[in-house]
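Biologist: I would like to take a close look at a single part of this model, and then to see how that part sits within the whole chain. Please go slowly and explain each term where it comes up.

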Amino acid sequence: MKHPSSREFFAYWDKMRGNAPAPDRSDVEPSAVRELLGDIFVLSYDAEAGYPFRVAGTRVCALLGRDVKDQSFSALFTPEARREIEDMITIVAEETLPAIAGVTATSESGETAHLELLLLPFSARTHAPVSLTGVLAPFESELSKLGNFGLTSYRYLHRQEKLLPRAIRKLQVARGFMVYEGLR
């Protein structure tokens, strides 16, 4: 993660999830990330509607030149990038894997802007709509209305797993019947 807003929000999200794959939506307290709220958004996991914004911070709305509540997130992207961003949202929501992406966009004046997109899942709750949160933060200041978003790179953020010796891993997997290699 390159942008300070992404690093700070990810650290808070990671702290709130503890040992769970993702925190519950009610565990994330907006006042704890007050300085970041302008860059934060929440998406509804609704593919048919294009993953609409449920909430978007003031800087996100300013970058897009309008209030984006209930508008499609995936529609911000060029047709070439739309399938990739939709696949990424699906993996983040269904596999509870955070993702970080480099994004480019074109300003009204025709300049290319560089942004960082962080997508973070919430834990799924019974009888509640699935949603995810994230940060859309520009690297440049003084940007006018942006459009034609494209993905330049992305990756999923896996938790670091402790490396255990092979013998211990085998014992953790073994249940009941155990075969010892090399003995007759």
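Where does Ala56 lie?

Modeller: Ala56 lies in strand β2, which covers residues 53-56. Before going further, please keep in mind that this is a predicted model, in which local features need pLDDT of at least 70 and side-chain atom pairs count only at pLDDT 80 or more, while totals for chains, interfaces and linings use all residues. Residues are numbered from 1 along each chain as its sequence is written, and side-chain values use heavy atoms, with hydrogens and water left out.

Let us place the strand first. The chain contains four helices and six strands, and these follow one another from the N terminus in the order α-β-β-α-α-β-β-β-β-α. Helices (H or I, at least four residues) and strands (E, at least two) are DSSP runs, counted from the N terminus. Of the 184 residues in the chain, 41% count as buried, a word that stands for under 20% relative accessible area, with exposed meaning over 50% and partly exposed the range in between (1.4 Å probe, protein chains only).

Now to Ala56 itself. With a relative accessible area of 21%, Ala56 is partly exposed, because that value falls between the two limits. If we leave aside its neighbours within four places in sequence, Ala56 is in contact (heavy atoms within 4.5 Å) with Ile40, Phe41, Cys61 and Val68. There is also a distance to note between Ala56 and Leu43, for these two are 13 residues apart along the chain, and their C-alpha atoms are separated by 8.6 Å.

Phe53 shares some of these partners. When residues up to four places away in sequence are not counted, Phe53 touches Phe41, Val42, Leu43, Val60, Leu64, Val68, Lys69, Asp70, Gln71, Ser72, Phe73 and Leu76. Phe41 and Val68 therefore appear among the contacts of Phe53 as well as among those of Ala56.

Phe53 also leads us to the interior of the model. It is one of the residues with the most contacts inside the largest nonpolar core, a group of 31 residues in which Phe73, Phe77, Leu115, Leu117, Leu119 and Phe149 are listed alongside it. A nonpolar core is a set of buried Ala, Val, Leu, Ile, Met, Phe, Trp, Tyr and Cys residues joined through side-chain atoms within 4.5 Å. At least two residues of this core come from each of β1 (40-44), α2 (58-64), α3 (79-95), β3, β4, β5 (131-138) and β6, and α3 gives the most, with six residues. Apart from this core lies another, of 17 residues, which includes Tyr12, Val33, Ile40 and Val135; Ile40, you may recall, is in contact with Ala56. In soluble globular proteins, nonpolar side chains tend to be buried together.

Let us now look at the stretch that leads from β1 to β2. Ser44 has its place in strand β1, and Ser44 is buried, since its relative accessible area is 15%. Beyond its neighbours up to four places away in sequence, Ser44 touches Tyr51, Pro52, Arg54 and Val130. Of these partners, Tyr51 sits in the loop between β1 and β2, and Tyr51 is buried, because its relative accessible area is 4%. Although Tyr51 is not a glycine, it has a positive phi of about 55 degrees.

On the other side of β2 in the sequence comes helix α2, where Ala62 is found. Ala62 counts as exposed, because its relative accessibility is 51%. The C-alpha atoms of Ala62 and Leu146 are separated by 9.0 Å, while the two residues stand 84 residues apart along the chain. Further along, in the loop between α2 and α3, lies Asp70, which we have already met as a contact of Phe53. Asp70 counts as exposed, since its relative accessibility is 58%, and Asp70 also has a positive phi, of about 70 degrees, although it is not a glycine.

Finally, we can set these separate pairs against the whole chain. Among the contacts with a separation of 6 or more, 60% are accounted for by residues 24 or more positions apart. Ser44 and Val130 are one pair that are in contact, and you can find both of them in the structure in front of you.
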